[in-house]
Amino acid sequence: MKVRILAIAIFVLTAAAANAQLTVPSGISGDFQFDAQSYTADSLIGAPEVPQKFLTNGYFNLLYSNGPFSAGLRYESYADVMQGYDPRLNGNGVKYRYAEYNKEELTVTAGSFYEQFGSGMVLRSYVDYGLGYDNFFDGIRVKYAIKGIYLKGLVARQRYFWEDPKGLVRGIDGEFHLNEMFKSLEQRKTQIILGGSFVSKYQKDSDPKLVLPQNVATGAGRINIISGGLNIYSEYAYKVNDPSYANKYIYKNGQSFYTTIGYTTKGLGINVATKYIDNMDYRSDRNATNNVLYINFLPPISKQYTYRLPTLYPYGTQTTGEMGLMGEVYYTFKPKSKLGGKYGTYIGLNGSYMTSIAKDTVVPAHEGYTSTFMKPGDEVFYNDIGLEITKKFNKKWKATFDAVYIVYNQAVIEGHPDSGIVYSMSFIGDVTYQFSKNNSIRVELQHLTANRDRGDWAFGLVEFSFSPHWTISAYDEYNYGNSNPDRRLHYPAGSIAYVKGTMRISAGYAKQRSGLLCVGGVCRNVPASNGFTFGITSSF
């Protein structure tokens, strides 16, 4: 019954939005998303038999605000949840709901909320529907701000699918904008922001064999310096011993360090970053697995590629130990210059290098290992180099050309012990021709070579856009270089999308290859599938 009610509600809202007749009372806003897919077994690509044949994910947010008061809720429906998402999401109902009072310097939230301290290394909650990731807090949060001083405090538990919230999390965070606090610094061009966080989790020790810490604390300090086009951010976090499933129940303290330096001026941008992670998997349930009940978030520094073939080998953050470096530089040659031509030319170069950390085995064994801060190990996890050139040739033609080299430790990133290192090279050409102000065609051609795994791939896409409403696209992904001739398969897909205002409706068909989907270093496995897709998103 709940599924039918949700489907009817979505249909009514969509029809109303399409006809621009949806009248929303003052103070009320919201958004919704509905995704559905049919499933046909396909032994060639490894698509399994799905008994339900048709699965859906749906979300509906409703928000209300009136002066200093606001409230909201989210209805969710997984009937049943689409393949590739945690089956524990199956169900319907309201788990996210809150009320908030905001008056001058004080904000108080009761119920569900998302929060982040600093870069997130000791605390961050957020939702990503595409990953099936949602670790919101449920409890009380207080914020207070006065002349450059910004304070936060919370006591809450975390969402655990449809069950009662898990773990008790307590945290405080302070941020101090020195230029706002002191008159002598108000007119200075250099801005200095200091911050610090403390977070503690509580979980009862019910293990019959081990004596486990019931309270596990983390602390972090950070500094942000902004001067003209220069931005320096650095944060260090420390965690006391936290035996868990992720670290094989060792009694070792953890630490992490993250620094990013960016410089921008007219036409030029430079970014460099480094991070060090040592035993920083931090969850409100020590026995949790997969992407469940994370209290913290460890920022990625490798580039998140968007073109299809480089996403075959994405990087997922290794929370128990990794060290990395990243560099990026981009430059836009001015229009009418020798290299810029009439419309200018963009060139970007990026690279990253992720390794293990140096670990020395110690006695007693329950301490796991010793490590030296900021000392890399010998095992390469991931390495990439990317070059991108974007050029508009005239009013009708523009193009982007990419070359991406990736070294991918499949055994570590995907957890396949028998896998080796994949070396891949991708070349991408993306060309758009503008027929008129509202109509265009875009063509993508991609090629990837790899020394192992599934071998070489070719990809081609054609997309027609009829602004402002329609987009039609079709593509084929061909694994022509697979070492197994029976697996040299095509993965065709096609879709049509209609956009009006804030509403987007799409429908399509695809044979989907299996692989990892990673966003911000957090990944989920996407199984192979064969079927039709349908989606609606809108806001009001």
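In this predicted model, the charged end of K392 sits over the ring of Y343. The distance to the ring centre is 4.8 Å. A second lysine is placed in a similar role: the charged end of K359 lies over the ring of Y369, 4.5 Å from its centre.

Rings also pair with one another. The count comes to 29 aromatic pairs. One of them joins Y59 and Y78. Their ring centres are 5.8 Å apart and their planes meet at 80°, so the pair is edge-to-face. An angle over 60 degrees is what this class requires. Y59 belongs to strand β2 (residues 54–66) and Y78 to strand β3 (residues 69–78). The pair therefore ties together parts that are 19 residues apart in sequence. Y59 has a relative accessible area of 4%, so Y59 is buried. Y78, at 6%, is buried as well. Another aromatic pair is formed by Y478 and Y480. Here the centres are 6.0 Å apart, with 45° between the planes, and the pair is tilted. Y478 has 28% relative accessibility and therefore counts as partly exposed. Y480 is partly exposed too, with a relative accessible area of 31%. Beyond single pairs, Y59, Y78, Y129 and W162 form one aromatic cluster.

The nonpolar interior was examined next. The largest nonpolar core has 52 residues. Those with the most contacts inside this core are L123, V199, Y313, Y382 and Y408. A second, separate core holds 15 residues, and V50, M82, Y129 and A288 are among them. Y129 thus appears in this second core and also in the aromatic cluster with Y59, Y78 and W162. Back in the largest core, Y408 illustrates the packing. Residues up to four places away in sequence are left out of its list of contacts. Y408 then touches Y313, P314, F381, Y382, I413, E414, G420, I421, V422 and L516. Two of these, Y313 and Y382, are themselves listed with Y408 for the most contacts in the core.

Charged side chains form a further set of links. A search of the whole structure finds 25 salt bridges. In one of them, R222 meets E175, and the closest N and O atoms are 3.1 Å apart. R222 lies in strand β12 (residues 215–227), while E175 lies in strand β10 (residues 163–177). This salt bridge therefore ties together parts that are 47 residues apart in sequence. The two partners differ in burial. R222 is buried, at 7% relative accessibility, whereas E175 is partly exposed, at 24%.

A salt bridge also joins the side chains of R442 and D430, with an N to O distance of 3.1 Å. R442 sits in strand β21 (residues 439–450) and D430 in strand β20 (residues 421–434). The parts tied together are twelve residues apart in sequence. R442 has a relative accessible area of 18%. The limit for buried is under 20%, so this value falls within the class. D430 counts as buried at 10% relative accessibility.

E477 and R513 provide another example. Their closest N and O atoms are 2.7 Å apart. E477 is part of strand β23 (residues 470–478). R513 is in the loop between β25 (503–512) and β26 (515–519). The pair thus ties together parts that are 36 residues apart in sequence. Both E477 and R513 are buried. Some salt bridges are joined into a network, which links E100, E115, R141, K143 and K152.

R513 is also a contact of R454. R454 lies in the loop between β21 and β22 (457–466). With neighbours within four places in sequence left aside, R454 is in contact with L312, Y313, N479, G481, N482, R513, S514 and G515. Sequence separation and distance in space can be set side by side for R454 and T471. These residues are 17 places apart along the chain, and their C-alpha atoms are separated by 31 Å.

Finally, cysteine pairing was considered. The count comes to one disulfide. This disulfide joins C518 to C523, with an S to S distance of 1.9 Å. The torsion about the S-S bond is about 105°, so the disulfide is right-handed. Both C518 and C523 are buried.

Key
Residues numbered from 1 in each chain as written. Predicted model: local features only at pLDDT ≥ 70, side-chain atom pairs only at ≥ 80, totals over all residues. Heavy atoms only, no water. Core = buried A, V, L, I, M, F, W, Y, C linked by side-chain atoms within 4.5 Å. Buried < 20%, exposed > 50% of the residue type's maximum accessible area, 1.4 Å probe, protein only. Contact = heavy atoms within 4.5 Å. Disulfide = S-S within 2.5 Å. Phe/Tyr/Trp six-rings, centres within 6.5 Å; stacked < 30°, edge-to-face > 60°. Helix = DSSP H or I, 4+ residues; strand = E, 2+ residues; numbered from the N terminus. Lys NZ or Arg CZ within 6 Å of the ring centre and 35° of its normal. Salt bridge = Lys/Arg side-chain N within 4 Å of Asp/Glu carboxyl O.
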